[in-house]
Amino acid sequence: MHKITLIPGDGIGPEVTEAAVKVLDAAGANIDWDVQYAGDCMYQKCGNPLPEETLASIEKNGVAFKGPLTTPVGTGFRSVNVAMRKHFDLYVNLRPAKTYPGVYSRYDNIDLVVVRENTEDLYAGIEHMVGPDAAESIKIFTRKGCERIIRWAFEYAIKEGRKKVTAVHKANIMKCTDGMYLDIFRQIAPEYPQIEAEDVIADAMSMRLVYAPEEYDVLVMPNLYGDILSDLCAGLVGGLGIAPGANIGEKIALFEPIHGTAPTIVGQGIANPTATILSSCLMLKHIGEQAKGDMIEQAVAKVIKDGKTVTVDLGGTASTMEFANAVIAEIK
Ligand code: ATP
């Protein structure tokens with residue numbers, strides 16, 4: 001029995017996580033859920049969007065599964081997602097992008113994974129005004145931060161039977177920060193002779209991804225490029241409703257869809273749970289239940305390909321739960 005923290009989240013979060021939990025149960029995943037709360041629901045209830053009990057539960061269980069959380073824009077509390085990543089030092093943001101027949105996309109053969117560094121770069125949030133008319137933001141790269149994300153990407157490639165790791169950088173312009181990152185990539189790559197290693201400048205990478213995405217396998221990149229290019233990759237394969245994600249550290253891993261709370265469709269029961277269900281497949285792999293994860297992913301792919309019971313965003317009329325039930329019917 002695996003004890004896992006479940007955070008339903010805000011907006012469509014409770015709807016899509018409920019659907020995913022039902023699918024996991026049907027697949028026989030042996031999970032004892034420790035339900036905890038975070039986000040706007042807790043901010044409204046007790047003024048703290050990230051309660052101690054929630055943090056303690058994740059710390060204890062080591063694995064968490066969550067729905068999206070509200071991040072107020074401009075005012076209110078700071079991003080709880082970012083706070084969790086910082087608190088647990090979840091330095092890997094893993095974002096697979098894969099084409100599924102039945103999901104509208106301009107491409108039909110993409111199967112790549114973005115490994116985004118999650119803790120450094122301009123996201124360290126060290127910014128200040130320099131007088132009234134200028135502002136400065138500090139871009140932080142450390143040897144430890146670069147080494148661990150690059151090594152993680154190579155280890156992941158080996159574990160997953162992937163062939164190539166591409167480092168994305170802008171070392172031609174930022175010779176210190178991105179230059180160090182590229183040097184470290186070139187030092188580490190020869191330790192993995194079975195994996196092809198290449199490096200591409202971020203702007204050229206954007207063009208290449210749109211032009212020939214099928215050429216890419218594992219992409220490893222600093223935080224800012226990762227933020228932008230992983231959304232680009234989600235767009236390449238048909239958008240947010242199907243894009244899963246994971247945030248992983250040495251001791252703790254947190255699995256979640258990459259989409260937000262989708263306030264415009266909350267409470268209607270029409271959200272697409274695919275991204276959340278596929279995030280649960282990443283989680284099953286992480287806890288050593290790969291076969292069950294593969295089974296669920298194949299069932300999702302089949303339901304989407306058939307196209308008869310898909311949600312509105314995929315051109316169908318099915319509700320969130322009707323979709324989940326169709327996936328369950330494929331599993332059984
Ligand atoms: P937030 O403020 O939490 O980021 P948002 O609505 O601005 O929320 P997203 O939720 O990421 O941003 O998504 C933008 C739009 O994409 C949503 O308004 C919704 O129409 C659509 N969308 C996102 N996720 C889903 C989903 N799981 N199922 C169906 N549509 C979705």
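Which residue forms a salt bridge with Asp89, and how far apart are the closest N and O atoms? I began my notebook with that one. Arg148 is the partner, and the closest N and O atoms lie 2.9 Å apart. I keep in mind that this is a predicted model.

**Entry: the two domains.** I looked up how the chain is divided. The domain assignment gives domain 1 as 1-103 + 243-332, and domain 2 as 106-236. Domain 1 is thus written as two stretches of the chain, and domain 2 as one. I then checked their spacing: the centres, taken over C-alpha atoms, are 25 Å apart.

**Entry: where they meet.** I counted the residues in contact and found 18 in domain 1 and 23 in domain 2. Next I looked at area, since the size of an interface is often given as the accessible area lost when the parts come together. Here the two domains bury about 1,800 Å² between them, and 50% of that is on carbon and sulfur atoms.

**Entry: polar links.** I found 3 salt bridges between domain 1 and domain 2. I also noted 13 residue pairs in polar contact between the two domains, with both residues at pLDDT 80 or more.

**Entry: the domain 1 side.** Which elements supply at least two residues each to the side that touches domain 2? I listed helix 4 (80-87), strand 4 (92-98) and strand 11 (244-248). Strand 4 gives the most, with 7 residues. Sorting this side of domain 1 by class, I got 9 nonpolar, 3 polar and 6 charged residues.

Methods: Residues are numbered from 1 along each chain as its sequence is written. This is a predicted model: local features need pLDDT of at least 70, side-chain atom pairs count only at pLDDT 80 or more; totals for chains, interfaces and linings use all residues. Side-chain values use heavy atoms; hydrogens and water are left out. Domain bounds come from an automatic or database domain assignment. Contact means heavy atoms within 4.5 Å. Buried area is the accessible area (1.4 Å probe) that two parts lose on being put together, summed over both. A salt bridge is a side-chain nitrogen of Lys or Arg within 4 Å of a carboxyl oxygen of Asp or Glu. A polar contact is a pair of N or O atoms within 3.5 Å; within protein, one must be able to donate a hydrogen and the other to accept it, and residues adjacent in sequence count only if both atoms are side-chain atoms. Helices (H or I, at least four residues) and strands (E, at least two) are DSSP runs, numbered from the N terminus. Ala, Val, Leu, Ile, Met, Phe, Trp, Tyr, Cys and Pro count as nonpolar, Asp, Glu, Lys and Arg as charged, and the others, Gly among them, as polar.
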